[in-house]
Protein chains: 2
Amino acid sequence: VEEKPKNRVTVTIMGEDYIIKGPSSPRAMEQAAAHVDQMMRTLAAGKSGISRYKVAVLTAINLADELLRLKQQLRRYPDESRERGDEDELV
Amino acid sequence: VEEKPKNRVTVTIMGEDYIIKGPSSPRAMEQAAAHVDQMMRTLAAGKSGISRYKVAVLTAINLADELLRLKQQLRRYPDESRERGDEDELV
């Protein structure tokens with residue numbers, strides 16, 4: 001985390017602003033945040049009374065589940081999946 | 001969300017249990033949850049005083065960023081990426 005952050009962008013999740021930093025382009029970080037915002041709003045709308053913390057946790061688990069599935073697919077193409085490391089992280 | 005949930009498993013994130021349901025195998029859901037738990041712990045350890053909600057939100061954004069990158073890679077292999085839809089979600 002916070003290794004060589006190059007870009008910084010302000011995003012809005014569930015009405016709150018966050019400054020995020022990372023090696024991805026500002027546009028990519030904005031897209032990622034918009035995706036999370038959309039997922040959280042959808043999940044929150046479907047479960048009345050659920051805490052925003054639980055919404056965020058369940059959103060993260062959904063994303064991790066999809067990510068691990070896609071990583072398994074990419075393992076079939078080792079040359080491509082090595083194009084960039086898995087360790088780059090936004091903060 | 002909650003479309004045809006087939007499997008159900010209890011996972012622990014930051015010391016709290018969650019029952020999650022979804023089309024993924026119990027093992028896949030456990031792996032996804034373990035990945036989120038690990039990411040949240042790492043992020044929380046690096047930022048004293050950060051709220052658990054913000055930790056969860058930043059974790060979700062990190063995962064979404066990586067997911068969108070991998071999806072771009074998979075677009076190069078349209079036959080493979082069509083193997084399963086993108087809409088399956090855990091709850």
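## Close-up views of a predicted model

**View 1. I13(A) and its neighbours.** Leaving aside residues up to four places away in sequence, I13(A) touches Y18(A), A33(A), V36(A), D37(A) and M40(A), along with Y53(B), V57(B) and I61(B) from chain B. Please keep in mind throughout that this is a predicted model. I13(A) also has a place in the largest nonpolar core, which has 48 residues. Which residues have the most contacts inside this core? They are I13(A), I61(A), I13(B) and I61(B). From chain A, β1 (7-13), β2 (16-22), α1 and α2 (52-74) each supply at least two residues of the core. From chain B, β1 (7-13), β2 (16-22), α1 (26-46) and α2 do likewise, each with at least two residues.

**View 2. Chain A from start to end.** Chain A has 3 helices and 2 strands. Follow the sequence and you will meet them in the pattern β-β-α-α-α. Of the 91 residues in chain A, 43% are buried. Among the contacts in chain A with a separation of 6 or more, 34% join residues 24 or more positions apart.

**View 3. The loops that hold M14(A) and M14(B).** Where does M14(A) lie? Its place is the loop between β1 and β2 of chain A. M14(A) is not a glycine, yet its phi is positive, at about 50 degrees. Most residues other than glycine have a negative phi. M14(A) counts as partly exposed because its relative accessibility is 28%, and values from 20% to 50% fall in that class. Now turn to chain B, where M14(B) is found in the loop between β1 and β2. M14(B) has a positive phi of about 50 degrees, although it is not a glycine. With 29% relative accessibility, M14(B) counts as partly exposed.

**View 4. M29(A) in helix α1.** M29(A) is found in helix α1 of chain A. Is M29(A) buried or exposed? Its relative accessibility is 0%, so M29(A) counts as buried. M29(A) and K71(A) are 42 residues apart in sequence, and their C-alpha atoms are 20 Å apart in space.

**View 5. The buried residues of α1(B).** The helix α1(B) has 21 residues. From first C-alpha to last, α1(B) reaches 30 Å, close to the 30 Å expected at 1.5 Å a residue. The residues to look for are M29(B), A32(B), A33(B), V36(B), D37(B), M39(B), M40(B) and L43(B), which are buried. An α-helix has 3.6 residues a turn, so residues three or four places apart point the same way. What do the buried residues of α1(B) pack against? Their partners are α2 of chain A together with β1, β2 and α2 of chain B.

**View 6. The helix α2(B).** At 1.5 Å a residue, the 23 residues of α2(B) should span 33 Å, and the end C-alpha atoms of α2(B) are indeed 33 Å apart. Because 19 of these 23 residues are buried, α2(B) is largely enclosed by the rest of the structure.

**View 7. The largest pocket.** The largest pocket has a volume of about 230 Å³. Its lining has 11 residues, and those closest to the pocket centre are A28(A), D65(B), L68(B), R69(B) and Q72(B). Two elements give two or more residues to this lining: α1 (26-46) of chain A and α2 (52-74) of chain B. The largest share, 5 residues, comes from α2(B). Sorted by class, the lining has 2 nonpolar, 4 polar and 5 charged residues.

Technical notes:
Residues numbered from 1 in each chain as written. Chains lettered and ligands numbered in written order. Predicted model: local features only at pLDDT ≥ 70, side-chain atom pairs only at ≥ 80, totals over all residues. Heavy atoms only, no water. 1 Å grid on protein atoms, 1.4 Å probe; cavity = no way out; pocket = protein on both sides within 12 Å on 5 of 7 lines; lining within 4 Å. Points joined across faces, edges and corners; volume = space filled by probe spheres on them. Helix = DSSP H or I, 4+ residues; strand = E, 2+ residues; numbered from the N terminus. Nonpolar A, V, L, I, M, F, W, Y, C, P; charged D, E, K, R; others polar. Expected span 1.5 Å × (residues − 1). Buried < 20%, exposed > 50% of the residue type's maximum accessible area, 1.4 Å probe, protein only. Core = buried A, V, L, I, M, F, W, Y, C linked by side-chain atoms within 4.5 Å. Contact = heavy atoms within 4.5 Å.
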